[in-house]
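Visitor: Could you walk me through this one? I would like to go slowly, one piece at a time.

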Amino acid sequence: MRNASLIMKSTLPNNITWKQINWIHVYRYVEKLQQRIYRAESLGNKRKVKELQRLLMHSKSALILSIKRITQINKGKKTAGVDGFTVLTDGERFKLFRKMADYQISLHHPKPSYRTYIKKKNGKLRPLSIPTIKDRIYQNIAKMALEPQWEARFEPTSYGFRPKRGCHDAIERIFKSCVQKKKRWIFEGDFKGCFDNLSHDHIMEQIKDFPGKTVTERWLKAGYVDNNVFNRTEKGSGQGSVISPLLANIALHGMEEQLGIKYKTFVRSDGYQCAYNRTRYAIARYADDFAIICKSKKDAEDIYDKLKPYLELRGIELEPSKTRVVEITKGFNFLSFNIRIYQTSTGEKLLIKPSKEAVKKSMRQISDKVHELNGHKVGKVINILNPIIIGKANYWRPMVSKETFSKMDFHIYKVNRRFLERLHPKKSAKWINKRYYKSDLTGKSKNKWTLTDPIENRQLKRMMQTPIIRHTMIKHNASPYDVTLGEYFKMRDRKYNDKTKVQDN
């Protein structure tokens, strides 16, 4: 097999096109380098790690793959930074590659980010920093080199913004920690303005051996432009940039060590490697949200003092309104789910359901969307609502959600019924029923009240069509950069895709 980096030489003939690039070779070359970085870090070979990171950051394959991700794949591909520069066509992408191939990432001097704001759940505004296209591309290259090194270091109970890990893994970790009922007290925590307050000195200390540390510090110090006014950044990792979530995870690493959490591993008879934690605390962290499961109320209350050195070192503090100690029978919310032990006729039972707040927010979102579409055809309502319904159903499906699905379906029916009555104010209910409601065309249910587009015969999805399928938590410290786990992640991806197809169809 030809070395993929040879395909990226700056002496490429002028008549080659973006689509003629052998992307399979590009991906494989970068992937193999990342796997080698992970392995070298796992073996403690620091010199090898640095050599491989340099090789990756100067690779033409890493450059062209980053251009593809930033300008063609990522959601913000059409969003410009302070320079107003965008790359929207294949020709522009190839031209940018030829230009950037002549420069070195280590010599790059970033521009300030463009500051914008989005609404949070509580109505407050969350600041986002949008770097320029070139900065995003270079950040992606640095992330490619830095992430596999830290995947070999990160704590197994960290799930946010990490490859092949997600919210459901964090929830399942809490379930496994609480289901045995030995740990009943929860310290529910949240860091106050985490991304905007993390200590630059601490981040730089953590990555002091990284070949790209100088340009990383420049990104941290680049500042931002808000309403045409330049602002310096003396702290924080700039939420909204490509590398920011990784730097935040690096900064927040170490909570398990602070709490004295340790694991013992053993191999089951079927070859599956397990790890168990016999200490007083268990934890699940998703970015700046975390829950610490404790054996006693005193243990939970002691967390405040135990975390002080951890917080001070990182320049952050707890958000008082989102931090509390609660007994598991009272329940608590985490990542839009409610986790609680209920008293039943057969004894105590731990159930995880969509939180009331999340359900109310979803109902509001559906109502607002349909209201915005007043006067439009039913087909447009179905096209816009279906992705929302599928997305929420897929997120809630691993937990106890059938009651929520039924409640959401009834709400969606009521909202759409009012929409149809406004669309046809002079028509009778019988006429509306005959024109817009039909039996489920897929045959998955016997429901005869499925909203149907009379022109294209497309139907509105119902959450009750979604089967509850329990999520399987990722292995203790498994990483996709571990070459020995290639088959494990292939099987895991296959199962996830099969689950998604059930709903999408």
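Guide: Gladly, and please keep in mind that this is a predicted model. A good place to begin is the pair α2 and α4, which count as roughly perpendicular to each other because their axes cross at roughly 110 degrees, and angles of 65 to 115 degrees are given that name.

Visitor: Within what distance do the axes of those two helices come?

Guide: The axes of α2 (residues 23–42) and α4 (residues 60–73) come within 9 Å, and α2 passes α4 in a left-handed crossing.

Visitor: And which residues meet there?

Guide: From α2 there are Trp23, Val26, Tyr27, Tyr29 and Val30, and they meet a set of residues in α4 including Ile64, Leu65 and Arg69.

Visitor: Switching topic, which residues of helix α10 are buried?

Guide: In α10, which spans residues 213–221, the buried ones are Val215, Thr216, Trp219 and Leu220. Looking down the axis of α10, you would find these buried residues within an arc of 150 degrees, so they line one face of the helix.

Visitor: What do they pack against?

Guide: The buried residues of α10 pack against α6 (133–151), α9 (200–206) and α11 (244–252). After α10 comes Gly223, and its phi is positive, near 80 degrees.

Visitor: Now strands: how many residues of β3 are buried?

Guide: Five of the six residues in β3 (residues 185–190) are buried, so to speak mostly covered. β3 runs antiparallel to β9, with six bridges joining them, and it also runs antiparallel to β10, with four bridges.

Visitor: Which residue is the bridge partner of Glu188 in β9?

Guide: That partner is Ala291, while Phe187 stands opposite Val325 in β10.

Notes: Residues numbered from 1 in each chain as written. Predicted model: local features only at pLDDT ≥ 70, side-chain atom pairs only at ≥ 80, totals over all residues. Heavy atoms only, no water. Buried < 20%, exposed > 50% of the residue type's maximum accessible area, 1.4 Å probe, protein only. Arc of directions from axis to C-beta. Contact = heavy atoms within 4.5 Å. Pairing = 2+ DSSP bridges. Axes fitted to C-alpha atoms, helices over the stretch in contact; angles between N-to-C directions. Parallel < 35°, antiparallel > 145°, perpendicular 65-115°, else oblique. Left-handed = near helix turned anticlockwise from the far one by under 90°.
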